[in-house]
Amino acid sequence: MSNSTSDKIKAGVNKAKGEVKDQIGNATNNRSLQAEGKKDKAKGAVQDKIADVKKHH
């Protein structure tokens, strides 16, 4: 498995994990959990971009 593929998988996991945390935080009115979810989603987005750069170089 290439590095970019591995990075894409990690990005997807972080985005999914972040979305779950964000939604649970919304449902339970837990702002801390929402913030954690948004952070995970942002981390996943960055990892996704890094994987794209690696893939094209």
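Visitor: Which residues is Asp40 in contact with, leaving aside its neighbours within four places in sequence?
Guide: In this predicted model, Asp40 is in contact with Asn14, Lys15, Lys17, Gly18 and Lys21 once those neighbours are set aside.

Visitor: And where is Asp40 found?
Guide: Asp40 is found in helix α2.

Visitor: Is Asp40 buried or exposed?
Guide: Asp40 counts as buried, because its relative accessibility is 9% and the cut-off for buried is under 20%.

Visitor: Which residue forms a salt bridge with Asp40?
Guide: That's Lys21, with the closest N and O atoms 2.9 Å apart. Lys21 lies in helix α1 and Asp40 in helix α2, so this pair ties together parts that are 19 residues apart in sequence. Lys21 is buried, and so is Asp40.

Visitor: Why would side chains like that pair at all?
Guide: Side chains of opposite charge can pair when their charged atoms come close.

Visitor: OK, how many salt bridges does a search of the whole structure find?
Guide: Nine. One of them is Glu19 with Lys41, where the closest N and O atoms are 3.0 Å apart. That pair also links distant parts of the chain, with Glu19 in helix α1 and Lys41 in helix α2, 22 residues apart.

Visitor: How does Glu19 count, buried or exposed?
Guide: Neither, really: Glu19 counts as partly exposed, at 34% relative accessibility. Lys41 is partly exposed too, with a relative accessible area of 24%.

Visitor: What about Asp22, which residue does that one form a salt bridge with?
Guide: Asp22 forms a salt bridge with Lys38, and their closest N and O atoms are 3.2 Å apart. Here the link runs from Asp22 in helix α1 to Lys38 in helix α2, 16 residues apart.

Visitor: Is Asp22 buried or exposed?
Guide: Asp22 is buried, with a relative accessible area of 4%. Its partner Lys38 counts as partly exposed, at 47% relative accessibility.

Visitor: Which residues do salt bridges that share partners join into one network?
Guide: Lys8, Lys15, Asp48 and Asp52 are joined that way. Lys15 also came up earlier, among the residues in contact with Asp40.

Visitor: Let's talk charge. How many positive and negative side chains does the protein chain have?
Guide: The chain has 13 positive and 7 negative ones. The centres of the two sets lie 2 Å apart.

Visitor: Switching to the fold, how many helices and strands are there?
Guide: Two helices and zero strands. Helix α1 covers 3–28 and α2 covers 31–55, and Asn29 lies in the loop between them.

Visitor: Is Asn29 buried or exposed?
Guide: Asn29 is exposed, with a relative accessible area of 61%. From there, the C-alpha atom of Lys39, ten residues apart along the chain, is separated from that of Asn29 by 17 Å.

Visitor: What does the C-alpha trace span along its principal axes?
Guide: About 45 × 15 × 10 Å. The radius of gyration is 13 Å, whereas a compact globule of 57 residues would have one near 10 Å.

Visitor: And what share of the 57 residues count as buried?
Guide: 26% of them. As for the surface, the chain exposes about 4000 Å², and carbon and sulfur atoms supply 57% of that.

Visitor: Last one: what share of contacts with a separation of 6 or more comes from residues 24 or more positions apart?
Guide: Those residues account for 56% of such contacts in the protein chain.

Note on methods. Residues numbered from 1 in each chain as written. Predicted model: local features only at pLDDT ≥ 70, side-chain atom pairs only at ≥ 80, totals over all residues. Heavy atoms only, no water. Helix = DSSP H or I, 4+ residues; strand = E, 2+ residues; numbered from the N terminus. Buried < 20%, exposed > 50% of the residue type's maximum accessible area, 1.4 Å probe, protein only. Salt bridge = Lys/Arg side-chain N within 4 Å of Asp/Glu carboxyl O. Rg over C-alpha atoms; globule rule 2.2 N^0.38 Å. Contact = heavy atoms within 4.5 Å. Areas by Shrake-Rupley, 256 points an atom, 1.4 Å probe, with all protein chains shown as cover. Lys, Arg positive; Asp, Glu negative; His and termini not counted. Charge placed at Lys NZ, Arg CZ, Asp CG, Glu CD.
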